[in-house]
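Q: I've got a new model open and would like to learn how to read it piece by piece. Can you walk me through it?

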Amino acid sequence: MRPNQVIVPVREVNTDQPVPLMPIENNKRLNEPSHAGLSNRLKILFLTNRGPYPIKDGQTRRTYNILKGLALRHEVHLLSLYESPDEAGFESVEHLKGFCERVEMLPAPPKALSFAMVARLVRSLFSSDPYTVWRHYSRAYARQVQVWVSAMSFDVVHCDILPLTYSVRDLKGAFRTLTDHDVSYLKTKRLAAQTRNPALKLFLYLEAMKLKRLESRIFSKLELGIVVSELDREHLERLCPKGRFAVVENGVDVRAFVPDPDRVEPNALAWVGGFHHSPNCDAVKFFLEDIYPSIKRERAEARLYVVGGGVPDWLKRYATGDPSIILTGYVDDPLPYIQRAAVFVAPILSGGGTKLKVLEAMAVGKAIVSTSIGVEGIEGNDEEHFMVADRPAVFADRVVSILRDLFLREHIGANARRRTVEKYDWESICEATSRLYQTAGKRIDYVD
């Protein structure tokens, strides 16, 4: 056992004004499971930088599922920033109040180009904190965290993302956990390496250095760090030897994301991922420029569904010139498009953490072709649960081989589905997280 390892008993298969909202009564909880009456029922403060509902992307999908999974087992109070009006709208809030004891939303700092945004950027250049912290900094939010912690005795303060460290690092008398959705410095360093603009490249390398400094120190000051894969834990344990870490994987709702062989289109490829996230832009550009032409030469009937919002102009031009590229824009539910695909592609060149889009495609029983980074942190084997290719020619060859071989497609897809049911089911993950929080406080002393 590693000295800083927390053992989680899991199955092997496993505006500065708040929006005031009234607490709900316990009898309004939705679908409360039978094990919610645990003797060790905790009071948890859950902090996040975006409204977790409606679900818009991988981050909100993870946040929502962990939040709901904990709230159906414990008393959870949600204090969240929100970026768009729909996140703090009546329908979204009422939905969250269906399982949270209390919900309160405060506006996040504006992300659009403005004087305030530029001021935060300039301030970050002269600060030891990275821009990602300043970008999400809200004095009102930090103050409200202090108010809640002072007024209520929380067993656990769950900080759901690294940029909110400013709100918990100076809290006293609380068992604080911090989720690092990816090894942020490594993700930013990879992004810098892919960037061609010299000024942006310099800024990203500086940001990576600051993130590395933050990640090397913050976890030794908090009681527990949460990571999404064993690989990420290994990275952070080397970076912060005094930190204590536990793995809470990304997951998928295996009862919702299911195979449907009748929907499969034999020559269809699918990509899922919004284009507000620069690694997704880089991935699709790489695929269209360096891989897709080779696939089309071998398989003229091939077509590509590109599922995700924020479609950039350069991608619209591609689709205008090639009718086999189908842009769906943002969709509430990507499942029908994943089910249509004979091959799911993940040509990801940068980023970190485990990719929920890949896990969802695995749950749907898709044959996946991905770069190494695309399946990084996912427990699986090349040519068994997915196919890995980092060079364009090899990537294209593997896609074509799956399109031509029904047995290979179904074999890899079945293995992928089996692995997600065994390892990445949200229900099992949330149950393990609940038990982790019930036991971790007894095993770990508070950090002064």
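**Reading the sheet, a helix pair and one residue**

A: Sure. This is a predicted model, and a good way in is a single bridge: alanine 270 has phenylalanine 344 in β11 as its bridge partner.

Q: Which strands does that belong to, and how many bridges join β8 to β11?

A: In general, strands of a sheet pair through backbone hydrogen bonds, either parallel or antiparallel. Here β8 (residues 268–272) and β11 (residues 343–346) run parallel, joined by 2 bridges.

Q: What is the strand order in the whole sheet?

A: Reading across, you get β10-β9-β8-β11-β12-β13, an open sheet of 6 strands with parallel pairing. Its edge strands, β10 (325–329) and β13 (387–388), each pair on one side only.

Q: Now helices. At what angle do α3 and α7 pack?

A: For a helix pair, look at angle, distance, handedness and contacts. Helix α3 (residues 115–125) packs against helix α7 (residues 198–221) at about 65°, the axes being 11 Å apart, and the crossing is left-handed. On the α3 side, Leu121, Ser124 and Leu125 meet Phe203, Leu206 and Lys210 of α7. By class, that contact has 4 nonpolar, 1 polar and 1 charged residues.

Q: And a single residue: why does glutamine 194 count as partly exposed?

A: Partly exposed covers the range between under 20% (buried) and over 50% (exposed). Glutamine 194 has 36% relative accessibility, so it counts as partly exposed. You'll find glutamine 194 in helix α6 (residues 184–194).

Q: What does glutamine 194 touch, leaving out residues up to four places away in sequence?

A: Asp282, Leu349 and Ser350. Serine 350 is 156 residues from glutamine 194 along the chain, yet their C-alpha atoms are separated by 7.6 Å.

Key. Residues are numbered from 1 along each chain as its sequence is written. This is a predicted model: local features need pLDDT of at least 70, side-chain atom pairs count only at pLDDT 80 or more; totals for chains, interfaces and linings use all residues. Side-chain values use heavy atoms; hydrogens and water are left out. Axes are lines fitted to C-alpha atoms, for helices over the stretch in contact, and angles run from 0 to 180 degrees between N-to-C directions. Helices (H or I, at least four residues) and strands (E, at least two) are DSSP runs, numbered from the N terminus. A crossing is left-handed if the near helix is turned anticlockwise from the far one by less than a right angle, and right-handed if clockwise. Contact means heavy atoms within 4.5 Å. Ala, Val, Leu, Ile, Met, Phe, Trp, Tyr, Cys and Pro count as nonpolar, Asp, Glu, Lys and Arg as charged, and the others, Gly among them, as polar. Two strands pair if DSSP finds at least two bridges between them. Buried means under 20% relative accessible area, exposed over 50%, partly exposed in between (1.4 Å probe, protein chains only).
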